Amino acid sequence: ASTFKIALSLMGYDAGLLTDEQNPAIPYRDEYKSSQENGRRTIDPTIWMHESIVWYSQKLRQELGAARFRSYVNRFEYGNKDTSKDQEFPDALPHAIWINSSLKISPREQLVFLQKLLNGKLPVSDKSRLMTQNIMASFPLPDGWIAHGKTGSGSQQASDGSYNPERRFGWFVGWAEKDGRRVIFAHLIKDAQNIESPAGIRARDELLAELPNLLI
């Protein structure tokens, strides 16, 4: 889901499509057909990451092109690396294969990916890594810790392959740091019943409430 924005950010900065925390600032166009009211305005990289704007992600994927996008996913060894549902549309934004589609990732794979990011082990420039960390949302915690993380929400998949919008899942992934110490986390929740509030926000709030008890 939208935790994939971390990977997209690395791709965008490495390819020169993103330049800094505020550029490019792209005005919204009706053809993007955004269902997110907060996304129907000019969006820059920081707003995109903090408010999880889908069309900006799709625009990045469009400008990357199919071949370069798939190459990054493979070189990142991101999740199951399955980009089989990815398509290139000449006159529209590409399908977001990281939302209820073929590209999937487990909590353990999230941790491995984030560890590579923070240790400079991904095949991208140092600027890409630093800019991506800079635009991540930050959350002050007790005792001087600061958490940096990204939410994600989606629908759970049934045994027949369909997605049930009334059974959501929510992510909050990232890391907490203090005085040179760093703890990486990946929190995933799966709803057993229909809950209207965004699952990613609930996952974030749950983990932020629990983190102070885990950071000894």
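Biologist: Looking at this predicted model, which residues do ring pairs link into a cluster?

Modeller: Ring pairs join F4, F69, Y72, F76, Y78, W98 and F113. In total, the count of aromatic pairs comes to 14.

Biologist: Why is the pair Y78 and F113 called edge-to-face?

Modeller: Two values settle that. The ring centres are 5.1 Å apart, and a pair needs centres within 6.5 Å. The planes meet at 80°, and the edge-to-face label applies over 60 degrees, so this pair gets that name.

Biologist: What makes this a link between distant parts of the chain?

Modeller: Y78 sits in the loop between α4 and α5, while F113 belongs to helix α5, and 35 residues separate them. Both Y78 and F113 are buried.

Biologist: F76 is in that cluster too. What is F76 in contact with, leaving aside its neighbours within four places in sequence?

Modeller: F76 touches A7, L10, M11, F113, K116, L122, P123 and V124.

Biologist: And which residues touch the most other members of the largest nonpolar core?

Modeller: F4, M11, W48 and F76, out of 45 residues in that core. Elements giving two or more residues to this core are α1, α2, α3, α4, α5, α6 and β3. The largest share, 6 residues, is from α1. There's also a second, separate core of 15 residues, with W145, I189, A203 and L207 among them.

Biologist: Let's try F172 in strand β3. How do you know whether F172 is buried or exposed?

Modeller: Its relative accessibility is 0%. Buried means under 20%, so F172 counts as buried. Beyond its sequence neighbours within four places, F172 has contacts that include F139, G149, F185, H187, A203, L207 and L208.

Biologist: Then why is S153 called partly exposed?

Modeller: S153 comes in at 35% relative accessibility. Partly exposed covers what lies between 20% and 50%, so S153 gets that label. This residue is in strand β2.

Biologist: What brings S153 and A1 together in space, in terms of C-alpha separation?

Modeller: Their C-alpha atoms are 5.8 Å apart, although their positions lie 152 residues apart along the chain. A1 is also one of the contacts of S153, along with S2, F169, P198, A199 and G200.

Biologist: What makes S153 and G200 a polar contact?

Modeller: The S153 side chain reaches the backbone nitrogen of G200 at 2.7 Å. The cut-off for such a pair is 3.5 Å, so 2.7 Å falls within the limit.

Biologist: Which backbone oxygens does the side chain of Q156 reach?

Modeller: Q156, also in β2, reaches the backbone oxygen of R168 at 2.9 Å. The backbone oxygen of D191 is 2.8 Å from a polar atom of the Q156 side chain.

Biologist: Helix α7 is next. How does its reach of 22 Å compare with what is expected?

Modeller: α7 runs over residues 199–214, which is 16 residues, and its span is close to the 22 Å expected at 1.5 Å a residue.

Biologist: Where does α7 bend?

Modeller: At L208, by about 25°, and the proline P212 follows within four residues.

Biologist: Which residues of α7 are buried, and what covers them?

Modeller: The buried ones are A199, G200, R202, A203, L207, L208 and L211. Their cover includes β1, β2, β3 and β4.

Conventions:
Residues numbered from 1 in each chain as written. Predicted model: local features only at pLDDT ≥ 70, side-chain atom pairs only at ≥ 80, totals over all residues. Heavy atoms only, no water. Buried < 20%, exposed > 50% of the residue type's maximum accessible area, 1.4 Å probe, protein only. Contact = heavy atoms within 4.5 Å. Polar contact = N/O pair within 3.5 Å; in protein donor to acceptor, adjacent residues only side chain to side chain. Core = buried A, V, L, I, M, F, W, Y, C linked by side-chain atoms within 4.5 Å. Expected span 1.5 Å × (residues − 1). Bend = angle between axes of the 7 residues up to and from the residue. Phe/Tyr/Trp six-rings, centres within 6.5 Å; stacked < 30°, edge-to-face > 60°.
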